[in-house]
Amino acid sequence: MNNNKTEEQMLTTEEIAQIEHEISLVPQKKAACIEALKVVQQHRGWVSDESLKDTATMLGMSAEELDSVATFYNLIFRQPVGRHVILLCDSISCWVMGYEQIRDHLMQKLQIKYGETTPDGRFTLLPNVCLGTCDRAPALMIDDHLYQNVTIEELDGILHHHR
Amino acid sequence: MERPLTKHIRPDREPLSLQEYERVGGYQAVRKALQELSPEAVVALVKDSNLRGRGGAGFNTGLKWSFVPMGPDVPRPKYLVANADEMEPGTFKDRMLLEGNPHQLIEGMIVASYAIGADISYVFLRWAYKKAAQGIVRAIQEAYAAGYLGQNILGSGFSLEMHLHTGVGRYMCGEETALLNALEGKRAMPRAKPPFPQVSGLYGKPTIVNNVETLCCLPHIVNNGPEWFKGLSRTQDAGTKIYGVSGKVKRPGAWELPMGVTIRELVEEYAGGMLDGYKFKGALPGGASTDFLVEQHLDTPMDYTSIAAAGSRMGTGTMIILDDQTCPVGFVHNLQHFFAQESCGFCTPCREGLPWVEKVLLSIDRGEGRPEDMNILDFHTKYLGPGNTFCALAPGAMEPLQSALKYFREDFERHIHDHQCPWK
Ligand SMILES: Cc1cc2nc3c(=O)[nH]c(=O)nc-3n(C[C@H](O)[C@H](O)[C@H](O)COP(=O)(O)O)c2cc1C
Ligand code: SF4
Ligand code: FES
């Protein structure tokens, strides 16, 4: 791998400061690793190999060790994602209430499958486990926004909110 | 009907501020416990109240606490963790308590921490609960500012730190030992028990993990006493319970009700009955990892003892309904897809068995099943059952499968025989 990082790949002073703050809150450096990954993802949308390495160094971990944590969790992205991430609940109550129609409509409208990003970089579509709002199924989240009792008729309007 | 846990929660769930919470009696239990009662007395009170853990296993809360080493020479710091991971499919009860009244949870956590002598406490919250996270952060700040958290709380000599940790998504984080690994910044894999977390938990120190709803009961038990708490229930299991219903009913939702209301009351009265044109076929009474109950069980009281006697588990108390127009094979396939995906991969039966089960169910659902597939499903319910895997995820996954094979066996066989799904 190329060790000459471009400036863009290096952690910013802001990221470094935030990660150091997280480290200061825990009894051992490693314990801050999930928080540190969150910091990086918040700034960049995802965690690249370069960011992962630098973060690992700050935490006194090997890159492999940190990657084993990063890849265990569903919501740390190790690949680039779009400006907005759609998390569509595919668990049982949403299945009973017909989430599959919402899925098909989204895939058709955006012309992407699960795990893909629209060519304009606007949306990434991912399935997600139960969002804890099963009485208002089907449900999905776009970034931090929760949408409940979603219907196909409403979908276009919902997508429109996220440019 | 008394609804101690939810009566102050607004319909829009706008959280109560500190002042609003205090105005309705908030933090009185902290005053009473810290200023009038010894930690041992609080443990005894909770034991007497017969409060059983609302996270799924239903273990007596006071008894669980009593295994924490007490006294001046024990390892420190000790920890208390509120399990707010709530990722069991079909479960949406803790969300209500977290969003609607975060101070009630914090008060419960202070009471629990005092009882076990904890120095540091965490709320372990799932990522998706954004609104809850905002409310909790604010409520923790308010509680520090008012002197309910921090050093020497209300002059009692008891001190407690509290932090919010937001997880990054994995069902295993809810299992209490895996949760502790996640808090330590590791993969959320479960730990061997013993040692139990009460003795060796977070960073190897004594730790109690309790469910959000369990903790929210505590202020009310301290304020009103164990007899009052038992009196809230219709049956031998004490208290109220937050029940939920989802699926094809007229009014899906969650309600705090006396422990022991029947399944029929929940479905017909509270959830308004089935949607027109749909019939009740079965239900998972307490989330994805509980056994199906069917029409003959409709009059069973929803409490730990009665649901167990009917062959299932109370679990989280949030029920998922299977209707007559939904295919039971597809239903169970959806559940097994979830469990296979969320398996942590540590032990072979679960890591290899769940994907196999998922594939077999998919082929049956598509009309490509063979008669031998029934045996494959049957033996998995044994090999992935209790005692054969490292944690309770796989046995939990087998509960809806084994009961579906019992109650809906004909439906499975019809798929295989007719080479198609009768519901498609
Ligand atoms: C796979 C798995 C997931 C779990 N998820 C949760 C959860 O999200 N919330 C919870 O309170 N308990 C969950 N539990 C149960 C916890 O391990 C633990 O029993 C509970 O938090 C204890 O609290 P209680 O005694 O107050 O019920 C889960 C258990 C397993 C095996
Ligand atoms: S039963 Fe499944 S989730 Fe539990 S330890 Fe084994 S592989 Fe992991
Ligand atoms: S099953 Fe979709 S929100 Fe619970």
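This is a short walk through the cavities, one ligand site and one sheet of a predicted model.

Some housekeeping before we look around. Residues count from 1 along each chain as its sequence is written, and chains are lettered from A and ligands numbered from 1 in the order in which they are written. As the model is predicted, local features need pLDDT of at least 70 and side-chain atom pairs count only at pLDDT 80 or more, while totals for chains, interfaces and linings use all residues, and side-chain values use heavy atoms, with hydrogens and water left out.

Okay, cavities. By that I mean a set of points, on a 1 Å grid over the protein atoms alone, where a 1.4 Å probe fits but cannot get out; lining residues have an atom within 4 Å of a point. Grid points are joined across faces, edges and corners, and a volume is the space filled by probe spheres set on the points.

So how many cavities of 30 Å³ or more does the structure hold? There are three. The largest has about 80 Å³ of space. It has 13 lining residues, and the closest to its centre are Ser343(B), Cys344(B), Cys347(B), Cys350(B) and Cys391(B). That lining has 10 nonpolar, three polar and no charged residues. For these classes, Ala, Val, Leu, Ile, Met, Phe, Trp, Tyr, Cys and Pro are nonpolar, Asp, Glu, Lys and Arg are charged, and the others, Gly among them, are polar.

And what sits in there? Ligand 2 sits in the largest cavity, meaning more than half of its atoms lie within 2 Å of the cavity's grid points. Around ligand 2 are 13 residues, with Cys344(B), Phe346(B), Cys347(B), Cys350(B) and Cys391(B) the closest; to be in that shell, a residue needs a heavy atom within 4 Å.

The second largest cavity has about 50 Å³ of space. Its lining includes Pro15(B), His103(B) and Glu142(B). Helix 7 of chain B gives the largest share, four residues. Helices here are DSSP runs (H or I, at least four residues), strands likewise (E, at least two), numbered from the N terminus. By class, this lining has four nonpolar, three polar and two charged residues.

Last stop, the sheet. In chain B, four strands make an open, mixed sheet in the order 6-5-8-7; two strands pair if DSSP finds at least two bridges between them. Strand 5 (residues 240-246) and strand 6 of chain B pair antiparallel over six bridges. One of the partners in strand 6 is Glu256(B), bridged to Ile242(B).

How values were computed:
On a 1 Å grid over the protein atoms alone, a cavity is a set of points where a 1.4 Å probe fits but cannot get out, and a pocket is an open set with protein on both sides within 12 Å along at least five of seven lines; lining residues have an atom within 4 Å of a point.
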